[in-house]
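Trainee: I would like a close look at one part of this model, followed by an account of the rest of the chain around that part. Please give the cut-offs as you go.

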Amino acid sequence: MSNDRKDEGFVRGLGLFDSTMVVAGSMIGSGIFIVSADIARQTGSPGGLLLTWIITGLLTIFAALSYGELAAMMPKAGGQYVYLRESYSPLWGFLYGWTLFLVIQTGTIAAVAVAFARFLGVLIPDISAENYIVSPIHLSANYAVSLSMQQVVAILLIIFLTLINTQGLALGKWIQNIFTSAKTLSLIALILLGIFIGGQMGTFSENWANFFTPHNPATITPEYFEQAFPKVTVESGLWGLIVAFCVAQVGSLFSADAWNNITFTAGEVKEPQRNIPLSLVLGTSLVIGLYVLANVAYLCTLSIHQIQTAPDDRVGTAALQVIFGDWGATVMAIAILISTFGCNNGLVLAGARVYYAMAKDGLFFRATGKLNEKHVPAVALILQGIWTCLLVLPRTIQEHGGKISYGNLYSTLLDYVVFAILIFYILTIAGLFVLRKKRPDAERPYKAFGYPLVPIVYIIAASLISLVLLIYKPKTSLPGLLIVLTGVPVYLIWKRIRQREGYSNLQS
């Protein structure tokens with residue numbers, strides 16, 4: 001076997017540029033064009049909007065710097081699953097992998113696929129959420145299933161990208177590099193247009209004059225703890241400021257998430273001890289820089305009120321409509337199609353490697369732990385694709401003033417697991433301290449920059465955000481914990497079955 005292959009049969013075909021494209025491409029989806037509206041409502045000011053993205057950027061880069069040590073120390077397929085397993089026990093690794101398969105990775109792929117279909121509908125109106133092949137069938141008072149043209153296009157995209165990635169790493173890498181480069185250039189074009197053309201509107205001067213002056217900030221109400229904690233806005237003193245910025249982080253952190261996906265593919269990265277830490281830092285720094293500048297472009301073109309009230313929260317579209325008029329929606333739709341296609345390719349490619357690693361430990365279906373003749377985990381890719389397609393079908397039922405509308409189940413599930421994702425990040429970065437104590441003599445080709453200060457700052461900040469979400473958003477935080485905990489009985493069942501079959505590594 002050549003030196004370019006690991007014992008498992010993976011081909012080390014991802015260089016530094018490819019790895020950086022996986023990081024950046026998995027991060028940039030549709031969020032940057034949408035979530036700034038909600039952030040502007042929570043923080044209430046131009047300065048608050050930019051500061052939220054800067055905080056997100058620092059936290060993301062701090063996390064990437066910390067993950068670099070773990071990635072260089074354990075350059076194996078599975079990434080974060082492996083880090084949690086080695087830091088604590090197989091149970092903790094399994095809970096992460098289980099939640100990743102159940103909701104985090106698959107739900108995100110479903111959401112991005114539907115976003116692709118929604119914006120394709122701007123160009124082809126027949127691709128609509130209301131153009132049903134199978135009208136909504138109510139399963140209960142709260143849930144239904146349907147099949148609209150929008151859902152069909154989303155499912156076809158998932159199937160297409162899944163099949164492409166079963167054909168080997170080279171093809172998936174080629175798509176990732178092309179589409180990540182294209183959407184990076186598209187985002188740069190949006191930034192330049194916003195700053196140099198939108199900036200001529202004089203809007204930025206108005207925003208600058210009222211940089212930290214709150215404009216109609218949202219009132220944040222604790223959902224279950226109104227007796228213990230007050231309703232607040234960003235103007236309600238220090239506690240109100242902390243709560244507003246912590247709640248605002250949900251959208252920006254989720255838009256900047258999936259940067260860790262390169263660690264899932266560590267078995268296919270050339271010189272992983274060098275290239276994974278470097279790609280984490282380069283990819284996250286590139287994207288965060290673009291995200292902050294994109295928001296500067298929004299503020300050059302739109303008032304804070306226009307950002308807060310953008311139709312359907314489509315801030316990017318609103319900005320381009322100021323610049324291009326009616327053509328703005330079309331230009332933005334094309335940019336988001338490129339962005340979501342490339343984003344989903346990276347998510348599809350990376351996620352299956354975690355289920356592969358779990359199967360190798362006897363903690364997932366045995367077939368997902370095998371590679372096909374193209375040296376990729378085809379069964380894991382197909383299983384991920386099937387479950388993701390199924391997540392596209394269920395709908396949530398909402399009634400407003402006697403009128404029924406339909407939401408997406410995966411969106412609700414993703415809201416639930418944002419809190420859990422933060423907990424897993426905190427545990428993983430805390431694993432740096434655990435492993436330095438458990439394995440002081442282990443080879444560490446890269447040591448976390450700024451250790452111990454950088455990881456400690458991340459842990460404290462992420463813990464504060466998690467605490468605020470638990471107090472003010474328990475309706476989404478607590479179900480997220482329950483989704484994670486469903487993995488405990490599944491783990492115990494799998495452990496018992498596999499131990500009978502001779503897996504000696506499942507003692508914890």
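Trainee: What relative accessible area does Thr412 have, and which exposure class does that give?

Mentor: Thr412 has a relative accessible area of 22% and therefore counts as partly exposed, the class between buried (under 20% relative accessible area) and exposed (over 50%), computed with a 1.4 Å probe and protein chains only. Before going further, note that this is a predicted model, in which local features need pLDDT of at least 70 and side-chain atom pairs count only at pLDDT 80 or more, whereas totals for chains, interfaces and linings use all residues. Residues are numbered from 1 along each chain as its sequence is written, and side-chain values use heavy atoms, with hydrogens and water left out.

Thr412 belongs to helix H16, where helices (H or I, at least four residues) and strands (E, at least two) are DSSP runs numbered from the N terminus. Although Thr412 and Gly107 are 305 residues apart along the chain, their C-alpha atoms are separated by 9.5 Å. Beyond helix H16 (409-438), the loop that leads to helix H17 (453-472) contains Pro452, and the peptide bond joining Tyr451 and Pro452 is cis, with omega about 5°. Most peptide bonds are trans, and most residues other than glycine have a negative phi.

Backbone angles give two further places to look at. Glu271, in the loop between helix H10 (261-264) and helix H11 (272-301), has a positive phi near 45° without being a glycine, and its relative accessibility of 52% is why Glu271 counts as exposed. His375, also not a glycine, has a positive phi of about 65° and sits in the loop between H14 and helix H15 (378-392).

Ser30 offers a buried counterpart to Glu271, with a relative accessible area of 15%. Ser30 lies in the loop between H1 and helix H2 (36-43), and, leaving aside residues up to four places away in sequence, Ser30 touches Ala115, Ile336 and Thr340, a contact being heavy atoms within 4.5 Å. For the chain as a whole, residues 24 or more positions apart account for 78% of the contacts with a separation of 6 or more.

Aromatic rings supply another set of links. Rings of Phe, Tyr and Trp (its six-membered ring) pair if their centres lie within 6.5 Å, and planes under 30 degrees apart count as stacked, over 60 as edge-to-face and the rest as tilted. By this rule there are 28 aromatic pairs. One of them is the edge-to-face pair of Phe10 and Tyr356, at 4.8 Å centre to centre with 65° between the planes. Phe10 is in the segment before helix H1 (16-27) and Tyr356 in helix H14 (residues 327-360), 346 residues apart, and both are buried. A single aromatic cluster includes Trp98, Tyr355, Trp387 and Trp494 among its members.

As for the overall setting, the protein chain has 19 helices and four strands, and 57% of its 508 residues count as buried. The radius of gyration, taken over C-alpha atoms, is judged against a globule rule of 2.2 Å times the number of residues to the power 0.38. For 508 residues a compact globule would have a value near 23 Å, so the 22 Å of the protein chain agrees.
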